[in-house]
There are 2 protein chains.
Amino acid sequence: MRKGEQTRAAILDTALDLASRDGLEGLTIGLIADRMQMSKSGVFAHFGSREDLQIAVIQEYHRRFEDEVFLPSLLEDRGLPRLSAMYSGWVTRHTREIDSGCMYISGAVEYDDRPGPIRDELLSMVTAWQKALLRAARQAVGEGHLLADTDCEQLVFEMRAMVLALHHDARFIGDRHAVERIERGYRRLIDSYRAASASTLPRLKLVQVVR
Amino acid sequence: MRKGEQTRAAILDTALDLASRDGLEGLTIGLIADRMQMSKSGVFAHFGSREDLQIAVIQEYHRRFEDEVFLPSLLEDRGLPRLSAMYSGWVTRHTREIDSGCMYISGAVEYDDRPGPIRDELLSMVTAWQKALLRAARQAVGEGHLLADTDCEQLVFEMRAMVLALHHDARFIGDRHAVERIERGYRRLIDSYRAASASTLPRLKLVQVVR
């Protein structure tokens with residue numbers, strides 16, 4: 001990496017850290033300049049505006065999410081194994097970022113009544129993930145792992161709902177049982193749709209990180 | 001009501017409105033004085049501090065929630081009818097407050113990393129409702145409507161999860177299908193725990209309000 005690229009990556013890293021703590025709206029060029037011991041104009045040289053920086057932060061968050069959750073799941077067989085790998089990776093990532101919180105979830109509450117480019121960017125990332133889950137569920141039907149009349153939208157809705165509850169319970173209520181509840185809920189959910197011919201349900205490979 | 005009580009109630013009403021729009025943290029005495037065309041010291045005469053006012057707002061929100069959702073459910077028979085009435089009322093209230101958002105859910109994200117009396121107050125309200133749902137689920141087991149080995153904590157977790165998803169999808173994604181998904185999910189959930197001897201599943205009485 002050239003020097004300029006290195007500086008840009010370092011700014012982005014700091015910004016991601018700050019946004020995880022204070023929310024995307026809490027992000028200011030001044031705060032970053034302070035943390036990086038740079039001038040504000042130095043930060044502006046890499047990101048034209050505060051909004052550009054906020055959008056770059058969302059994209060960087062998404063890139064890491066894909067690296068950690070989505071890409072490894074593609075190594076699993078199409079169908080139920082891949083769907084379960086995606087869900088395991090997602091839930092595991094949540095348990096790992098309990099302290100900072102998930103930018104997609106806190107961002108949804110931050111921007112649900114604030115239209116504009118930041119909301120649009122967040123929304124496109126969140127719906128991309130939702131579509132990837134839906135595609136994997138449909139492939140599980142296609143592969144004969146789930147019944148032909150499986151309501152995939154419903155399945156993905158309930159999978160996503162439990163992740164929202166994990167975030168809520170772990171961060172707000174301080175209850176760590178949500179991960180086990182997700183395991184039980186996912187098993188029940190898949191079992192109710194599972195084709196008789198399908199092999200046993202792949203277990204979720206969850207790594208629970210204690211705070 | 002005496003004049004003083006009327007003024008206090010009017011301040012609280014305005015504060016509830018502002019907090020629904022801008023969050024509890026967005027609430028300031030100055031903003032309320034402005035809206036009410038009162039002096040700041042006039043507001044302070046009724047609420048000793050900004051924090052007192054924030055806590056009073058949470059309590060007023062909870063009082064209305066109980067009036068609208070909890071109390072009417074007590075008119076239903078113990079067991080599955082009451083549990084379903086509580087859930088119907090809760091989901092209906094959500095569809096009604098889509099524009100302003102739910103203070104319990106947005107408050108959870110606002111305060112999940114901010115310890116203090118406001119978080120404590122919110123938490124006690126949220127867990128009170130959670131316990132009420134759990135009690136109703138256990139009564140449904142006691143009445144023989146749900147199987148004796150029903151995992152009530154799991155049942156309530158999944159019910160709550162779908163409400164979080166309704167709030168997320170309706171407000172952030174702008175997707176209105178969540179209410180139907182909740183109906184389907186609740187039916188599937190209850191069916192999987194329902195005692196063979198129980199009568200047919202009470203339908204959720206949902207009133208969907210189109211934005």
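Here are a few worked exercises on a predicted model with chains A and B.

**Exercise 1. Get the overall layout of chain A: how many helices and strands are there, and what does the C-alpha trace span along its principal axes?**

Start with secondary structure. Chain A has nine helices and zero strands, and reading along the sequence gives you α-α-α-α-α-α-α-α-α. Next, the dimensions: the C-alpha trace covers about 65 × 35 × 30 Å along its principal axes. Then look at burial, where 38% of the 211 residues in chain A come out as buried. Finally, check the contacts with a separation of 6 or more: 61% of them in chain A link residues 24 or more positions apart.

**Exercise 2. Work out which operation lays chain B on chain A.**

Superpose the copies and read off the transform. A turn of 180° with a shift of 0.0 Å along the axis does the job, at an RMSD of 0.0 Å. The two copies are therefore related as by a two-fold rotation axis. Now ask what sits nearest that axis in chain B: the C-alpha of B:Ala161, at 2.4 Å from it.

**Exercise 3. Describe the side of chain B that touches chain A: which helix gives the most residues?**

Count first: 24 residues of chain B are in contact with 24 residues of chain A. Then sort by helix. H6, H7 (117-142), H8 and H9 (178-193) of chain B each supply at least two residues of this side, and H8(B) gives the most, with twelve. Sorting by class instead, you get ten nonpolar, seven polar and seven charged residues. Last step: 100% of the interface residues of chain B are also interface residues in chain A, so the copies meet through the same surface.

**Exercise 4. Decide how H9(A) and H8(B) are oriented to each other: parallel or perpendicular?**

Take the axes of the two helices. They come within 10 Å and cross at roughly 85°. The window for roughly perpendicular runs from 65 to 115 degrees, so H9(A) and H8(B) are roughly perpendicular to each other. For the residues behind this contact, H9(A) brings A:Arg181, A:Arg184 and A:Gly185, while H8(B) brings B:Gln154, B:Phe157 and B:Glu158. By class, that makes one nonpolar, two polar and three charged residues.

**Exercise 5. Find the residues with the most contacts inside the largest nonpolar core, then follow A:Ala165.**

The largest nonpolar core holds 112 residues, and the ones with the most contacts inside it are A:Ala161, A:Ala165, A:Leu166, B:Ala161, B:Ala165 and B:Leu166. Now zoom in on A:Ala165, leaving out residues up to four places away in sequence. A:Ala165 touches A:Ala178 in chain A, plus B:Phe157, B:Arg160, B:Ala161 and B:Leu164 in chain B.

**Exercise 6. Compare H6(A) with the loop that comes between H6 and H7 of chain A: is A:Asp113 in that loop buried or partly exposed?**

Begin with the helix. Nine of the nine residues of H6(A) (103-111) are buried, so H6(A) is largely enclosed by the rest of the structure. Among these buried residues are A:Met103, A:Ile105 and A:Glu110. The cover comes from both chains: it includes H1 (3-22), H4 (50-73), H7 and H8 (152-173) of chain A, together with H6 and H8 of chain B.

Now move to the loop, where you'll find A:Asp113. A:Asp113 has 16 C-beta neighbours inside 10 Å, so this residue counts as partly exposed. As a last check, A:Asp113 and A:Arg176 are 63 residues apart along the chain, and their C-alpha atoms are separated by 30 Å.

Terms used. Residues numbered from 1 in each chain as written. Chains lettered and ligands numbered in written order. Predicted model: local features only at pLDDT ≥ 70, side-chain atom pairs only at ≥ 80, totals over all residues. Least-squares fit on C-alpha atoms with pLDDT ≥ 70 in both. Contact = placed C-beta atoms within 7 Å. Buried ≥ 20, exposed ≤ 12 C-beta atoms within 10 Å, placed from the backbone. Helix = DSSP H or I, 4+ residues; strand = E, 2+ residues; numbered from the N terminus. Nonpolar A, V, L, I, M, F, W, Y, C, P; charged D, E, K, R; others polar. Core = buried A, V, L, I, M, F, W, Y, C linked by C-beta atoms within 7 Å. Axes fitted to C-alpha atoms, helices over the stretch in contact; angles between N-to-C directions. Parallel < 35°, antiparallel > 145°, perpendicular 65-115°, else oblique.
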